[in-house]
Amino acid sequence: MADSDVGTARGAYGSGGGGRRSARAVTVTAAGVLAMATLAVGCGPQGPGADAPRQPTARATTAPPAPAPTPTDDGKGATGDATPPASPSVSPPASHSAPPAGPVTAPPPPTPGSPTPSTTPAPAPRVLLRIGSEGAQVRELQARLRQIGHFGRTPTGYYGTVTAEAVRSFQAERGTEATGATDAVTWRKLLAMTRTPTADELDPPTERPVAEPDRRCLTGRVLCISKKSRTLAWMIDGRVVSAMDVRFGSEYTPTREGEFPVFWKSRDHVSTLYDTPMPYALFFSGGQAVHYSADFAANGYGGASHGCVNVRDKAKVAALFDQVKNGDKVVIYW
């Protein structure tokens with residue numbers, strides 16, 4: 001487009017022989033070249049009212065049509081090479097930049113006093129306890145759930161599948177997402193519905209009544225274990241020092257019965273045969289031992305051992321481990 005405008009300027013010089021009309025034509029044409037060059041570099045639209053009345057309308061390929069003759073300073077009629085006067089009705093030049101891909105709509109201003117909308121979802125409640133957790137808070141959770149009928153066992157301090165199911169039941173009844181994990185919201189609701197558990201609720205002697213002791217348990221230091229009541233009583237000279245629930249081996253791997261001595265203590269034992277943890281193991285007959293079982297704590301009497309005497313209360317068997325000595329008796333009977 002610039003080359004055609006330059007040709008027009010050269011024609012103006014040749015037609016008038018250097019007269020005033022030709023000079024004016026040069027001036028007008030040069031102004032047109034400048035205006036077209038400005039459009040050629042892609043200038044965007046100006047802001048509202050920014051010199052718009054002084055901007056002539058321009059097209060990318062065609063020169064503007066000649067206006068009608070108007071009087072000039074020397075009284076002669078003007079031709080197409082005269083510069084038309086500025087008019088407030090002339091629109092600013094259109095932008096040659098690419099149009100937006102779609103309509104752009106500004107968001108409506110917020111209503112005074114209304115909350116600012118947020119697209120960020122609310123964070124999930126913090127999880128306090130879940131499957132695998134253990135300790136005093138798990139024991140308190142179990143005792144509180146037991147108060148309102150959601151946990152039907154003695155607290156063990158271990159968060160297994162039974163505890164998770166009890167929590168899930170509580171959450172479903174209270175309109176909370178039933179995840180089975182104890183989050184901050186679930187814990188607050190449970191605290192509001194229950195009282196602080198007593199020492200006996202937190203740490204009852206056993207879930208089952210302790211059986212009448214075998215006569216061999218009445219003297220000395222004895223681990224007195226009844227298969228009938230499924231209890232272990234730690235006795236010294238006929239007095240029960242502590243008691244706990246136990247389970248035994250299946251019919252294929254039965255727990256031996258009789259009187260045995262404790263011959264080895266292993267606090268962090270792992271079975272070399274089954275590759276399973278056996279914490280606080282008190283061995284009394286070959287590979288059979290009294291020890292803590294996380295599976296027993298989690299699943300109760302639904303399972304069985306491979307012949308060992310499983311204890312599900314970790315705190316109690318840990319205390320027992322510290323008190324029992326090698327040579328103390330183990331009596332297993334019906």
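In this predicted model, the axes of H4 and H5 come within 11 Å and cross at roughly 80 degrees. Since angles of 65 to 115 degrees count as roughly perpendicular, H4 is therefore roughly perpendicular to H5. On the H4 side, the residues that touch are Val167, Phe170 and Gln171, and they meet Thr186, Lys189, Leu190 and Met193 in H5. Sorted by class, this contact of H4 with H5 comes out as 4 nonpolar, 2 polar and 1 charged.

Helix H3 also enters the picture. H3 (residues 136-147) and H5 (residues 184-193) have axes that come within 10 Å, with a crossing angle of roughly 55 degrees, and H3 and H5 are therefore oblique to each other. As for handedness, H3 passes H5 in a left-handed crossing. H3 brings Gln137, Glu140, Leu141, Arg144 and Leu145 to the contact, while H5 answers with Trp187, Leu190 and Leu191. The class tally for H3 against H5 is 5 nonpolar, 1 polar and 2 charged residues. Leu190 of H5 turns up here and again in the contact with H4.

Then there is the pairing of H3 with H4 (residues 161-173), which pack at an angle of about 50 degrees with their axes 11 Å apart. That angle makes H3 oblique to H4, and the crossing of these two helices is left-handed. Here Leu141, Gln142 and Leu145 in H3 meet Thr163, Ala166, Val167 and Phe170 in H4. By class, the H3 contact with H4 has 5 nonpolar and 2 polar residues, and no charged ones. Some residues do double duty: Leu141 and Leu145 of H3 are listed in the contact with H5 as well as in the one with H4, and Val167 and Phe170 of H4 meet H3 and also H5.

Moving on to the empty space, the second largest pocket has a volume of about 530 Å³. Its lining takes in 28 residues, and the closest to the pocket centre are Thr276, Met278, His291, His306 and Cys308. Which elements build this wall? Strand E8 (277-285), strand E9 (288-292) and helix H7 (294-299) each supply at least two residues of the lining. E8 gives the most, with 5 residues. In terms of chemistry, the lining of the second largest pocket divides into 10 nonpolar, 13 polar and 5 charged residues.

Conventions: Residues are numbered from 1 along each chain as its sequence is written. This is a predicted model: local features need pLDDT of at least 70, side-chain atom pairs count only at pLDDT 80 or more; totals for chains, interfaces and linings use all residues. Side-chain values use heavy atoms; hydrogens and water are left out. Axes are lines fitted to C-alpha atoms, for helices over the stretch in contact, and angles run from 0 to 180 degrees between N-to-C directions. Helices (H or I, at least four residues) and strands (E, at least two) are DSSP runs, numbered from the N terminus. Angles under 35 degrees count as roughly parallel, over 145 as roughly antiparallel, 65 to 115 as roughly perpendicular and the rest as oblique. A crossing is left-handed if the near helix is turned anticlockwise from the far one by less than a right angle, and right-handed if clockwise. Contact means heavy atoms within 4.5 Å. Ala, Val, Leu, Ile, Met, Phe, Trp, Tyr, Cys and Pro count as nonpolar, Asp, Glu, Lys and Arg as charged, and the others, Gly among them, as polar. On a 1 Å grid over the protein atoms alone, a cavity is a set of points where a 1.4 Å probe fits but cannot get out, and a pocket is an open set with protein on both sides within 12 Å along at least five of seven lines; lining residues have an atom within 4 Å of a point. Grid points are joined across faces, edges and corners, and a volume is the space filled by probe spheres set on the points.
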